[in-house]
Amino acid sequence: MKWMLWKDFTIDELYEVLKLRSEIFVVEQECPYQDLDDLDQDALHLTYREKGKLIGYLRLLFPKENMIKIGRVVVEKEHRHLGIATKLLKESLQWIKENREEKEILLSAQVYATKLYSNLGFQKEGESYLEDGIPHIEMKKDIV
């Protein structure tokens with residue numbers, strides 16, 4: 001796993017990340033939406049590779065004081081159900097604990113994935129809603 005700032009990406013690495021996000025979030029999930037949302041430049045990115053190939057990714061956003069938002073959690077289709085998303089999330093929680101003072105972590109979970117996040121201590125917040133035609137729910141974890 002490797003943490004990266006926007007400026008650290010090579011052109012090829014950035015292409016791989018955007019391609020993976022597009023393959024899953026736009027093509028596989030049949031969800032035409034604007035993935036390039038002008039937030040990547042200020043995010044912290046975590047990549048996961050096996051044999052040099054990008055197979056997992058997530059990003060951390062810092063939208064306001066005392067809050068971190070996890071987003072764009074994605075694992076290549078052929079590598080799902082192998083615990084990679086959990087590894088990415090655990091790494092991000094550890095990094096946050098060691099490097100930040102924020103007291104709250106938020107994410108917008110696709111409803112089908114809430115068990116993954118619940119297993120890591122995230123709690124559902126509010127009611128589910130549609131985002132780009134896919135049921136989502138806000139989830140929160142307080143840092144102790």
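How many residues does helix 2 have, and how far does helix 2 reach from its first C-alpha to its last? In this predicted model, helix 2 is made of 16 residues and spans 22 Å between those two atoms, close to the 22 Å expected at 1.5 Å a residue. Its buried residues are I84, A85, L88, L89, S92, L93, W95 and I96. For readers meeting such a pattern for the first time, it helps to recall that an α-helix has 3.6 residues a turn, so residues three or four places apart point the same way.

The sheet offers a good place to continue the tour. Seven strands make up an open sheet, in the order 1-2-3-4-5-7-6, and their pairing is mixed. Strand 1, covering residues 2–5, and strand 6, covering 123–131, are the edge strands, each pairing on one side only. From one strand to the next, the twist averages 25°. Helix 1, residues 11–28, packs on this sheet and touches strand 1, strand 2, strand 3, strand 4 and strand 5. The direction of helix 1 makes about 85° with that of strand 3.

Both senses of pairing can be followed in detail. As background, strands of a sheet pair through backbone hydrogen bonds, either parallel or antiparallel. The parallel sense is found between strand 4 and strand 5, which pair over four bridges; here I68 stands opposite I105 in strand 5. Strand 6 and strand 7, in contrast, run antiparallel and are joined by six bridges, with K124 opposite M139 in strand 7. These two strands form a hairpin with two residues between them, and D132 in the turn has a positive phi of about 55°.

Strand 5 also holds E104. Although E104 and K141 are 37 residues apart in sequence, their C-alpha atoms are 5.9 Å apart in space. Leaving out residues up to four places away in sequence, E104 touches N66, M67, I68, K140, K141, D142 and I143.

What lies inside the fold? In soluble globular proteins, nonpolar side chains tend to be buried together. The largest nonpolar core of this model has 26 residues, of which L58, L60, I70, Y117 and F122 touch the most other members. At least two residues of this core come from each of strand 2 (44–50), strand 3 (53–61), strand 4 (67–75), helix 2 (84–99), strand 5 (104–110) and strand 7 (134–142). Helix 2 gives the largest share, seven residues. One of the core members named above, F122, can be traced through its contacts: beyond its neighbours within four places in sequence, F122 meets I70, L93, I105, L107, Y117, M139, K140 and K141. Another core lies apart from the largest one; it has nine residues, including M4, F9, V17 and L20.

Aromatic rings add a further theme, as the structure holds two aromatic pairs. In one of them, W3 and W95 are tilted, with 5.4 Å from centre to centre and 40° between the planes. This pair links distant parts of the chain, since W3 belongs to strand 1 and W95 to helix 2, 92 residues apart. Are these two residues buried or partly exposed? With a relative accessible area of 21%, W3 is partly exposed, whereas W95, at 19%, is buried. The two values fall on either side of the 20% cut-off, under which a residue counts as buried.

The rings of Y117 and F122 also pair: their planes stand at 80° and their centres are 6.1 Å apart, so the pair is edge-to-face. Y117 is buried, at 8% relative accessibility, and F122 is buried too, at 1%.

A last look goes to the backbone of two loops. Most residues other than glycine have a negative phi, and most peptide bonds are trans. D38, which is not a glycine, nevertheless has a positive phi of about 65°. D38 sits in the loop between helix 1 and strand 2 and is exposed, at 62% relative accessibility. K51, also a residue other than glycine, has a positive phi near 50°. Its place is in the loop between strand 2 and strand 3, and with a relative accessibility of 88% K51 counts as exposed.

Terms used:
Residues numbered from 1 in each chain as written. Predicted model: local features only at pLDDT ≥ 70, side-chain atom pairs only at ≥ 80, totals over all residues. Heavy atoms only, no water. Core = buried A, V, L, I, M, F, W, Y, C linked by side-chain atoms within 4.5 Å. Buried < 20%, exposed > 50% of the residue type's maximum accessible area, 1.4 Å probe, protein only. Contact = heavy atoms within 4.5 Å. Pairing = 2+ DSSP bridges. Axes fitted to C-alpha atoms, helices over the stretch in contact; angles between N-to-C directions. Phe/Tyr/Trp six-rings, centres within 6.5 Å; stacked < 30°, edge-to-face > 60°. Expected span 1.5 Å × (residues − 1).
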